[in-house]
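Open the model in your viewer and keep the selection tool at hand. The tour moves from one selection to the next.

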Amino acid sequence: MALSLYVDTARWRAHQKTVIDQFPGVIPVCKGNGYGFGHERLADEAARFGADMLAVGTTYEAARIKDWFGGDLLVLTPFRRGEEPVPLPDRVVRSVSSVDGVHALVGARVVIECMSSMKRHGVREEELPQLHSAIEDVRLEGFALHLPLDRPDGTDAVEEVIGWMDRLRAARLPLHTMFVSHLRAEEQARLQQQFPQTRFRARIGTRLWLGDHEATQYRGAVLDVTRVAKGDRFGYRQQKAASDGWLVVVAGGTSHGVGLEAPKAMHGVMPRAKGVARAGLATVNRNLSPFVWAGKQRWFAEPPHMQVSILFVPSDAEEPRVGDELVAHLRHTTTQFDRLVER
């Protein structure tokens, strides 16, 4: 009995192909937990569709994935002096976001990040003249821009990239390759048309692996079902059942990522109102689980355990049976499955 990730492989791969066709030279990203699929599986998929480079989050991820992927590996976390050295092959390319970092990587293959409107990290315009001497001692693979997902101020992503292309050209720096993130296909096409001598390479993770929501589904197996009456005590904290129904033990707990939730950026009155309502319910131990039974998301009976969750299903719903599987709405990037089932 397990928390399973079901994958419609044909549909999943068909979606991959649409992304690959829209973004020539795409660099698939495999970082974190491998977008819910795991590093090894995504490395296999990238090799299958002929990717020559795979982007990973850290040097530690590169050290693991190097045995599963034979092409180049691009480490997205920028190099910093004093970081723990990790043995890596020459086919690993390091991201660098400072002039000092370029000076420290003599002989290495590097991609230099420029400071975008994300304002996360990157070389600034006033530092570009200092790069001339620095890049003489490295093997420059190109420059990179990591762009924001949303632009509430109405700014144009293409114009931001063009601005940096003009700055780099004015500083007489090589523009053979520009690595970009979070551009639409038509935006990349516009840039490629305007700068035909530069190769634009999109680094894509979420859109590539998770863009078709219907291609994947998590399900938790029912392990036990216990009937309870209103007022019966149960669980670690011996809370009282609010009404007649069933306590349903389902595979999937905190070790799988069940119950984890990242902060959300909320826009508008309705989303904020719903957030306030959820917070109010949580103060009285009412937390909605990700598990669905009989067409409804069911409430946690108590906080999820390490490997299982206990749900409350009221008596007016159909009784779950041991061996049934409940669909679970989980974030791929925070979920660790027990098994993967190809369909």
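Where is the place of Gly211? Select Gly211: it sits in the loop between helix 8 (206–210) and strand 10. Helices here are DSSP runs of H or I with at least four residues, strands are runs of E with at least two, and both are numbered from the N terminus.

Before going on, note that this is a predicted model, in which local features need pLDDT of at least 70 and side-chain atom pairs count only at pLDDT 80 or more, while totals for chains, interfaces and linings use all residues. Residues are numbered from 1 along each chain as its sequence is written, and side-chain values use heavy atoms, with hydrogens and water left out.

**Stop 1: around Gly211**

Gly211 has 37% relative accessibility and so counts as partly exposed. Buried means under 20% relative accessible area, exposed means over 50%, and partly exposed lies in between (1.4 Å probe, protein chains only). Show its contacts, meaning heavy atoms within 4.5 Å. Not counting residues up to four places away in sequence, Gly211 touches His15 and Thr206. Now add Trp12. Its C-alpha atom is 8.8 Å from that of Gly211, although the two are 199 residues apart along the chain.

**Stop 2: Ile20 in helix 1**

Select Ile20, which lies in helix 1. Is Ile20 buried or partly exposed? Its relative accessible area is 22%, so Ile20 is partly exposed. Leaving aside neighbours within four places in sequence, Ile20 is in contact with Val26, Phe49 and Leu208. For a longer view, pick Glu261: the C-alpha atoms of Ile20 and Glu261 are separated by 30 Å, with their positions 241 residues apart along the chain.

**Stop 3: helix 2**

Select residues 39–48, helix 2. Its buried residues are His39, Arg41, Leu42, Ala43, Glu45 and Ala46. What covers them? The cover includes helix 1 (9–22), strand 2 (27–28), strand 3 (53–56), helix 3 (59–65), helix 8 and strand 18. Then pick Gly50, which follows helix 2 and has a positive phi near 85°.

**Stop 4: strand 1**

Select residues 3–7. Strand 1 is largely enclosed by the rest of the structure, because 5 of its 5 residues are buried. Show the side chains. Leu3, Leu5 and Val7 point one way, and Ser4 and Tyr6 point the other way.

Add strand 10 (residues 216–228), which pairs with strand 1 in the antiparallel sense over 5 bridges. Two strands pair if DSSP finds at least two bridges between them. Tyr6 stands opposite Gln217 in strand 10. Next add strand 18 (residues 339–342): its pairing with strand 1 is parallel, over 4 bridges. Here Ser4 stands opposite Arg339.

**Stop 5: cysteines**

Pick Cys30, which is buried at a relative accessible area of 0%. Cys114 is buried too, at 1%. How many disulfides does a search of the whole structure find? It finds 0 disulfides, counting a pair of cysteine sulfur atoms within 2.5 Å as a disulfide.

**Last stop: the whole protein**

Zoom out. The secondary structure comes to 9 helices and 18 strands. The C-alpha trace spans about 75 × 45 × 40 Å along its principal axes. Of the 343 residues, 48% count as buried. Among contacts with a separation of 6 or more, 67% join residues 24 or more positions apart.
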